[in-house]
Structures are given as C-alpha cells and as structure tokens.
Amino acid sequence: MNRPESRFITPTSEQTAAVDAAIKTRHSLRAFLPTPVPRQTIEDILEVASWAPSGTNTQPWQVHVLTGAALKRISGRIQAAYLDAEQNAAHKEEYAYYPTEWRSPYIDRRRKVGWDLYGLLGIAKTDKARMQHQHGRNFIFFDAPVGLMFTIDRVMQQGSWLDYGMFLQNIMVAARARGLHTCPQAAFTQFHRVIAEELQLSSEQMVVCGMSMGYADPDAVENSLVTERAPVAEFTRFLED
C-alpha cells in the first residue's frame with residue numbers, strides 16, 4: 001500500500017544509496033541464465049513500476065509476460081522470420097525509433113557501443129554472419145527465462161510515449177533491486193505483425209518494444225560491457241540570473 005504520509009519522509013542515506021545503486025548498476029545485458037523468475041517477483045516489479053507518472057493518470061502501458069512454451073513459440077517464429085532474407089525484408093517497423101539522419105555526437109556514441117560489444121565478442125567489422133547471429137539473439141531474449149512485450153493503444157499520442165519510457169525505467173530499476181537484470185529491446189518492433197498474431201492483439205494496439213528479464217550470466221563476456229555516460233556539465237545548463 002502506498003501510504004500518502006510516506007511521501008514526505010526524507011530518505012535515509014542507506015535508502016538513497018540503494019536507489020542510486022539500482023539505477024547505476026542497470027545495464028542492458030545480452031546473456032542470461034536459465035534460472036526461473038518466480039511469477040510473484042514479476043508481479044511485484046510490475047506493481048512498483050505502475051507508480052510511474054503519466055499525464056492525467058492515463059497509465060497507457062499494457063504488458064504481456066512470456067515464459068515457458070509461450071516464450072519459445074514467439075521466439076521461434078520471430079527468429080525464423082529474421083533469418084529468412086525474403087521474410088525479413090517483408091517486415092518493417094511501424095515507427096522510427098532512430099533518426100533518419102545521424103549526426104554527432106549521437107552517431108559517435110552509437111558506433112562506439114556497437115564496436116565495443118563486437119570487440120568483446122571477437123567479431124570483426126567484416127564478419128557479417130556473426131553480426132547477424134549476435135543481432136538475432138535479441139529475438140530469443142538473449143536466453144532469458146522471461147520476455148516482456150509492451151503495447152499501447154494507437155489513440156495515445158507522444159506524451160503517452162514519454163510516460164511509457166518512465167514506466168519501462170521503473171521496471172528495470174525495480175528488477176535490479178531484486179537482483180535481476182534486463183535488456184530493453186526496440187529490435188522487436190520490426191516483427192510487430194508476428195507479435196500481434198502471437199499475442200492476439202487487437203488492431204487498436206501497437207507494439208512499443210520488448211524486454212528480456214532474468215538473472216545475469218556472470219561468465220558471458222558480453223555482460224562485461226559498460227557504456228560511457230557524458231558528464232553532467234556536457235548536457236546541462238544552470239540559469240540563475
């Protein structure tokens with residue numbers, strides 16, 4: 001129960017440190033152990049995440065939790081479409097996640113994280129087959145035991161997508177607080193028609209993204225990747241006068 005009076009209590013230094021640690025140790029991991037995640041844990045994470053802010057309390061998020069046979073079935077269908085060149089070409093995203101025109105510093109950051117990951121995995125710039133294989137691991141949720149799919153009603157506009165981002169962040173931070181890791185994945189949006197069929201979505205629902213969730217594989221070299229963050233001074237202006 002979220003008691004109103006608890007909103008005004010100043011957090012202890014330990015509580016502050018715990019929140020900071022959950023945020024700063026959240027990384028997009030790309031290799032998970034098969035260890036099951038209890039359903040109650042997933043429900044607890046989603047309940048906490050549901051306290052994300054949303055304009056006029058619209059709460060635009062809709063979540064589809066995939067485990068077991070359901071997870072394997074949708075992964076298999078998407079993998080097959082991804083690996084078949086003709087099918088792959090027939091699937092297109094419904095919305096542009098990335099810009100159509102890249103410029104610095106965004107393109108520089110994008111390239112760096114890509115080559116840092118491939119460098120850890122020993123994938124050369126000319127090795128297209130291994131690049132395809134690594135990208136394809138998105139569609140098996142990087143072997144995580146839990147896959148999440150997120151959808152939104154098409155009537156909702158840009159503001160609701162901002163709200164959705166805060167909800168997704170809440171899920172990832174709440175997962176870290178419970179010893180779990182995640183990987184948010186826009187890669188799934190290319191195959192929204194397959195997802196819609198598998199989840200039996202109405203035509204009014206749109207796929208936002210997917211997410212892998214589970215316990216990290218500590219021996220997987222790709223999980224040692226830590227992305228850089230720009231210092232506060234680089235993206236902030238303080239206006240006082």
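Here are some notes on the cores, one pocket and the salt bridges of this predicted model.

1. **The main core.** I'd start with the largest nonpolar core, which has 25 residues. Phe150, Tyr164, Phe167, Ile171 and Met213 are the ones with the most contacts inside it. Four elements each put in at least two residues: helix 2 (39-49), strand 2 (146-153), helix 7 (158-176) and strand 4 (205-214). Helix 7 gives the most to this core, with seven residues.

2. **Ile171 in that core.** Worth clicking on when you have the model open. If you skip its neighbours within four places in sequence, isoleucine 171 is in contact with Ile45, Leu46, Ala49, Leu148, Phe150, Met211 and Met213. Phe150 and Met213 are themselves among the residues with the most contacts inside the largest core.

3. **A separate core.** Apart from the largest core lies another one, made of 22 residues. Ile78, Tyr82, Phe142 and Ala144 are among them.

4. **The second largest pocket.** This pocket holds about 270 Å³ of space. What lines it? The lining residues are Ala18, Val19, Ala21, Ala22, Ile23, Val48, Gln169, Asn170, Val173, Ala174 and Ala177. Helix 1 (13-24) and helix 7 each supply at least two of these, and helix 1 gives the most, with five residues. Sorted by class, the lining has nine nonpolar and two polar residues, and no charged ones. Helix 7, then, turns up both here and in the largest core.

5. **Salt bridges between helices 3 and 8.** The count for the model comes to 10 salt bridges. In one of them, the side chains of glutamate 197 and arginine 77 meet at 2.9 Å, N to O. Glutamate 197 sits in helix 8 (residues 192-199) and arginine 77 in helix 3 (residues 68-83), so this pair ties together parts that are 120 residues apart in sequence. Buried or exposed, where does glutamate 197 fall? At 51% relative accessibility, glutamate 197 counts as exposed, while arginine 77 is partly exposed at 33%.

6. **A second partner for Arg77.** Arginine 77 also forms a salt bridge with glutamate 198, with the closest N and O atoms 3.1 Å apart. Here arginine 77 is again in helix 3 and glutamate 198 in helix 8, so the pair ties together parts that are 121 residues apart in sequence. Glutamate 198 is partly exposed, with a relative accessible area of 21%.

7. **A bridge within one helix.** Lysine 112 and aspartate 116 make a salt bridge through their side chains, at 2.6 Å from N to O. Both lie in helix 5 (residues 106-121), four residues apart, or about one turn of the helix. Lysine 112 is partly exposed, with a relative accessible area of 36%, and aspartate 116 counts as partly exposed too, at 29% relative accessibility.

8. **The network.** Which residues are joined into one network by salt bridges that share partners? They are Arg73, Arg77, Glu197 and Glu198. Arg77 is a good place to begin tracing the network, given the bridges to Glu197 and Glu198 described above.

Terms used: Residues numbered from 1 in each chain as written. Predicted model: local features only at pLDDT ≥ 70, side-chain atom pairs only at ≥ 80, totals over all residues. Heavy atoms only, no water. Core = buried A, V, L, I, M, F, W, Y, C linked by side-chain atoms within 4.5 Å. Buried < 20%, exposed > 50% of the residue type's maximum accessible area, 1.4 Å probe, protein only. Contact = heavy atoms within 4.5 Å. 1 Å grid on protein atoms, 1.4 Å probe; cavity = no way out; pocket = protein on both sides within 12 Å on 5 of 7 lines; lining within 4 Å. Points joined across faces, edges and corners; volume = space filled by probe spheres on them. Nonpolar A, V, L, I, M, F, W, Y, C, P; charged D, E, K, R; others polar. Salt bridge = Lys/Arg side-chain N within 4 Å of Asp/Glu carboxyl O.
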